[in-house]
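Hi there,

Here is the structure I promised to pass along. Have a look at it first, and my notes on the aromatic rings and the helix packing follow below.

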Amino acid sequence: MDNTAVVPGTGQAAGGFARLSPRTKGMLALGLAALAAVVGSVWLWSATPNYRVLFTNLSDRDGGAIIAQLAQMNIPFRNADGGTIMVPADRVHEARLKLASQGLPKGSIVGFEIMETQKFGVTQFQEQVNYQRGLEGELARSIQTLAPVASARVHLALPKQSGFLRDKQPPTASVLLQLHPGKALDRQQIAGIVHLVSSSVPELSTKNVSVVDQHGNLLASERGGSGAALDAAQLDYVAHIEANTIKRIEDILEPIVGRGNVRAQVTADVDFSQVEQMAETYKPNQAADAATVRSQSTIESSQPGPAAAGGVPGALSNQPPVPPTAPINGSAAPLNANQPATAAGNSTRREAVTNFEVDKTVRHVRQASGQIRRLTAAVVVNHRVTPAVGAAKAAATPLSKEELDSITALVREAMGFNAQRGDSLNVVNAQFNTPDLAPVEPLPLWKQPDAIALAKEAGKAVLFLLLALIVVFGVVRPALRHLTARAPAPPAAPEGQPAPALPAPGGEAAPAQATSPLEEVRQLAKNDPAAVANVVKAWVGADAKSS
């Protein structure tokens, strides 16, 4: 007796597959292939990397160099329009760092690195040209760091300096800007570019710097000396005054008449002329006790006249002079006792001059530009609207004269009304013509872009899942059922009789016997295991011969 052990499941599966028809076998193979294709597609779809932008707006030279380096680093990449290179999202920073270590992208702008590669024996003119190119490149790089600027070019006109020229020609500069779509530069940014270029070049004035955009619009240049036209800053100042006044009027009236029930327009006449005044005034003479003495001088002079005859006529008066004496103390004796003390012909002159400080006032006034010369305001207030109550419709009633006067007074105070300045104000109460607008319906969920993108991704996953289920339950599972179908169990033989023959491997069925329960089959195998083993052995041998 051969007791070779045979796995029942393997032999049964092999025999079942052999009993399948060619059509069933083809369907099983097709189902397995479709299942493998679905699984492979799902895996490839899930394993596809998400590409991100590595660099954009690259020149052909930089793009070729970057692609060559990415190929050497085994980093997958994609090319897009506009000189854009895309790499997987998880390798963007790695690629940028490795490319930066190799000096990529170099860009078309050359900076001061041009001075590092100078050849031996260059002339002074070549050194000056290289220095000017490097300075222009560095300025262009600095300007490109601004968010609205996509690219920039700087042209410098540096005259040759010479000590023998009396009239030195000043340097000039021109800047060409390429702005991003939808971006614009404000006045502060343009002024910043002008001062950046002016401060980087010696003796370059801001008036000699011109800025032009890609459309040829002149953004900044030397201003004319006339100043007849208003520049952009002055126009912005006027618009700011008008908008601020309108806002104050609406803010004070909306709580009274309701939001949207007031309209206001203001026109401002602003004086931008620059006036300088210098006045020197003198006050009239003040009293002597109140004035300040500046200087004072006194002059006295005496002039003797011709001697006149005097004395008693006769011999007594015709005497020689007495000898003079010089006493130590006391007054000297007169030369002639008969001579009088003073001569009648002496003249005395006395002059006194007093100078007082002059009360002078010097005033230097420089009026600031931007003074408001006149304000004109027009305000329209809507009628009072009574809401509909029940069957009654909404009604609009005009404001009373007292209410309109109070609103006018509020507007006067809000706008800073000045009658001496010539301001004018007109407040009108009228009914607004507001057309009935259909309410804006919210965008349905199925039309929203985010919902559409999410539905696409979910649809892909559901489609793959449905395909897999169709293949598994429609093809693979029925084929496996036919493959693993068990043969009918042999009937239980009565005691003393041989066991009934099992079905032949070729599919020929034994004579119909009554089906025995499972317990009877188990009992048969337990009572006579040798007979069951012989039957199985014969079945396997027949199957092997048929194959």
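This predicted model holds one aromatic pair. The ring centres of Tyr 237 and Phe 272 lie 6.0 Å apart, and because their planes meet at 70°, over the 60 degrees required, the pair counts as edge-to-face. The two partners come from distant parts of the chain, 35 residues apart: Tyr 237 belongs to helix α7 (residues 232-257), while Phe 272 sits in the loop between β8 (262-271) and β9 (275-282).

Their surroundings are worth a look too. Phe 272 is buried, at a relative accessible area of 17%, whereas Tyr 237 is partly exposed, at 35%.

Another ring has a charge for company: Arg 412 places its charged end over the ring of Phe 417, at 4.4 Å from the ring centre.

Back to α7, which also packs against helix α8 (residues 401-415). Their axes are 9 Å apart and form an angle of about 150°. That angle is over 145 degrees, so α7 runs roughly antiparallel to α8. The crossing of α7 past α8 is right-handed.

Which residues of α7 meet α8? On the α7 side they are Thr 245, Arg 248, Ile 249, Ile 252, Leu 253, Ile 256 and Val 257. Their counterparts in α8 are Ile 407, Leu 410, Val 411, Ala 414 and Met 415.

Happy to talk any of this through once you have it open.

Best wishes

Definitions and conventions
Residues are numbered from 1 along each chain as its sequence is written. This is a predicted model: local features need pLDDT of at least 70, side-chain atom pairs count only at pLDDT 80 or more; totals for chains, interfaces and linings use all residues. Side-chain values use heavy atoms; hydrogens and water are left out. Rings of Phe, Tyr and Trp (its six-membered ring) pair if their centres lie within 6.5 Å; planes under 30 degrees apart count as stacked, over 60 as edge-to-face and the rest as tilted. Helices (H or I, at least four residues) and strands (E, at least two) are DSSP runs, numbered from the N terminus. Buried means under 20% relative accessible area, exposed over 50%, partly exposed in between (1.4 Å probe, protein chains only). A charge sits over a ring if NZ of Lys or CZ of Arg is within 6 Å of the ring centre and within 35 degrees of the ring normal. Axes are lines fitted to C-alpha atoms, for helices over the stretch in contact, and angles run from 0 to 180 degrees between N-to-C directions. Angles under 35 degrees count as roughly parallel, over 145 as roughly antiparallel, 65 to 115 as roughly perpendicular and the rest as oblique. A crossing is left-handed if the near helix is turned anticlockwise from the far one by less than a right angle, and right-handed if clockwise. Contact means heavy atoms within 4.5 Å.
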